[in-house]
Amino acid sequence: MPSYTNTKRKRVKKSREASLKQRLAKWLVLALVTIGSLVAVWKLIMNPGGNEVSQEELYPYGIPSALTDQDTFRIAYQAANFTEEAEEATNSVHISGRIESTEQNQEFSLVRKLPQSMRLTVKTSNYEMTIGVHEGRVWQRIRMPQREDVLNILEGPEATKWREQAAFLDRIARTFKGEGFILKIEPTTHEYKDYLRVDISSTGYFPTVKVWIDPHTMHPSFQQEELPDGTMQETKFSDYRRMHGIAIPFKSESSTDGVFARRIVIESFSINSGILTS
């Protein structure tokens with residue numbers, strides 16, 4: 001009788017172990033199937049056509065590691081953002097749109113003209129402000145209903161800031177003309193996306209600027225610059241459109257130390273149409 005009982009207990013124990021192994025095997029198979037499904041869905045999202053994507057298709061301007069060479073980077077950046085024909089044919093640009101902030105919305109009109117002249121007019125329901133840059137001189141006019149215009153000559157850091165705003169080319173393109181220089185170019189990631197980070201140095205209002213370039217399009221995605229008061233300004237660029245051979249971000253959003261400051265939305269862009277006088 002005791003030997004029979006021991007044999008029965010052993011069989012029950014083995015049966016339980018077998019059942020547990022079967023359940024573990026089922027769980028493992030289910031887990032592998034789930035992982036496989038997730039991978040398949042991810043591949044479908046990343047490549048809806050189902051075809052393999054070559055490096056040339058993924059990086060039409062070159063792989064990020066190759067773009068760290070400054071000559072290679074310059075050729076790729078120019079090809080993606082402005083053609084030589086467009087640069088030679090463009091004497092002025094006229095941009096209009098709106099500026100959105102938490103306090104108010106404003107309309108703006110901006111004219112830039114070679115070599116470094118600018119007129120920016122910002123309007124609200126209560127006033128109109130115009131900033132002008134011509135031959136190094138910077139002036140400001142404030143116009144309000146039923147009041148005389150207030151005209152000021154700007155000097156110091158404030159004037160330096162507006163002179164830089166009058167520049168015809170962006171910060172990276174200006175280094176190709178000898179205005180400032182690129183300190184380094186390195187591949188990096190930000191929020192799970194690949195970028196090229198370009199560090200620029202110059203002797204202006206923003207002595208050091210860091211620009212993150214999307215290596216797939218070679219357009220600037222966002223940039224960071226330290227202001228003279230020590231705060232950090234970040235500007236994000238989006239909605240790029242090619243206008244007259246020039247890649248223009250129709251939306252940009254700025255924040256200061258992580259706090260939203262303003263959003264600029266371009267509504268129209270034209271070349272060689274603005275009239276700018278001193």
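This is a quick walk through one protein chain, from overall counts down to single residues.

First, a caution: the model is predicted.

Let me start with the whole chain. It has six helices and 13 strands. There are 278 residues, and 32% of them count as buried. About 17900 Å² is exposed, with carbon and sulfur atoms supplying 53% of that area. Now contacts. Take those with a sequence separation of 6 or more: residues 24 or more positions apart account for 39% of them.

Next, strand E8, residues 193-201. How many of its nine residues are buried? Seven are, so E8 is largely enclosed by the rest of the structure. Look at its partners. Strand E7, residues 181-190, pairs with E8 in the antiparallel sense, over nine bridges. Within that pairing, Thr189 has Asp194 of E8 as its bridge partner. The hairpin of E7 and E8 has two residues between the strands, and Glu191 takes a positive phi there, near 50 degrees. E8 also pairs with strand E9, residues 208-213. That pairing is antiparallel too, over six bridges. Here Asp199 has Lys210 of E9 as its bridge partner.

On to helix H5, residues 156-165. Which of its residues are buried? Ala159, Trp162 and Glu164 are. The buried residues of H5 pack against four strands and a helix: E3 (117-123), E4 (128-134), E5 (137-143), E6 (150-154) and H6 (171-175).

Strand E5 gives us a residue to zoom in on. Gln140 lies in it. Buried or exposed? The relative accessibility of Gln140 is 16%, and the cut-off for buried is under 20%, so Gln140 counts as buried. Leave out residues up to four places away in sequence, and Gln140 touches Met129, Thr130, Ile131, Val150, Leu151, Asn152 and Leu154.

Last stop: Ser273, in the segment after strand E13 (259-271). Its relative accessibility is 39%, so Ser273 counts as partly exposed. What does Ser273 touch, leaving out residues up to four places away in sequence? Ser92 and His94. Ser92 is 181 residues from Ser273 along the chain, yet their C-alpha atoms are separated by 7.0 Å. There is also a local link. The side chain of Ser273 makes a polar contact with the side chain of Ser270, at 2.7 Å.

To recap: E8 is largely enclosed and pairs with E7 and E9. Gln140 is buried in E5. Ser273 is partly exposed and touches Ser92 and His94. That's my tour.

Terms used:
Residues are numbered from 1 along each chain as its sequence is written. This is a predicted model: local features need pLDDT of at least 70, side-chain atom pairs count only at pLDDT 80 or more; totals for chains, interfaces and linings use all residues. Side-chain values use heavy atoms; hydrogens and water are left out. Buried means under 20% relative accessible area, exposed over 50%, partly exposed in between (1.4 Å probe, protein chains only). Contact means heavy atoms within 4.5 Å. Accessible areas come from the Shrake-Rupley method with a 1.4 Å probe; for residues, only the protein chains shown count as cover. Two strands pair if DSSP finds at least two bridges between them. A polar contact is a pair of N or O atoms within 3.5 Å; within protein, one must be able to donate a hydrogen and the other to accept it, and residues adjacent in sequence count only if both atoms are side-chain atoms.
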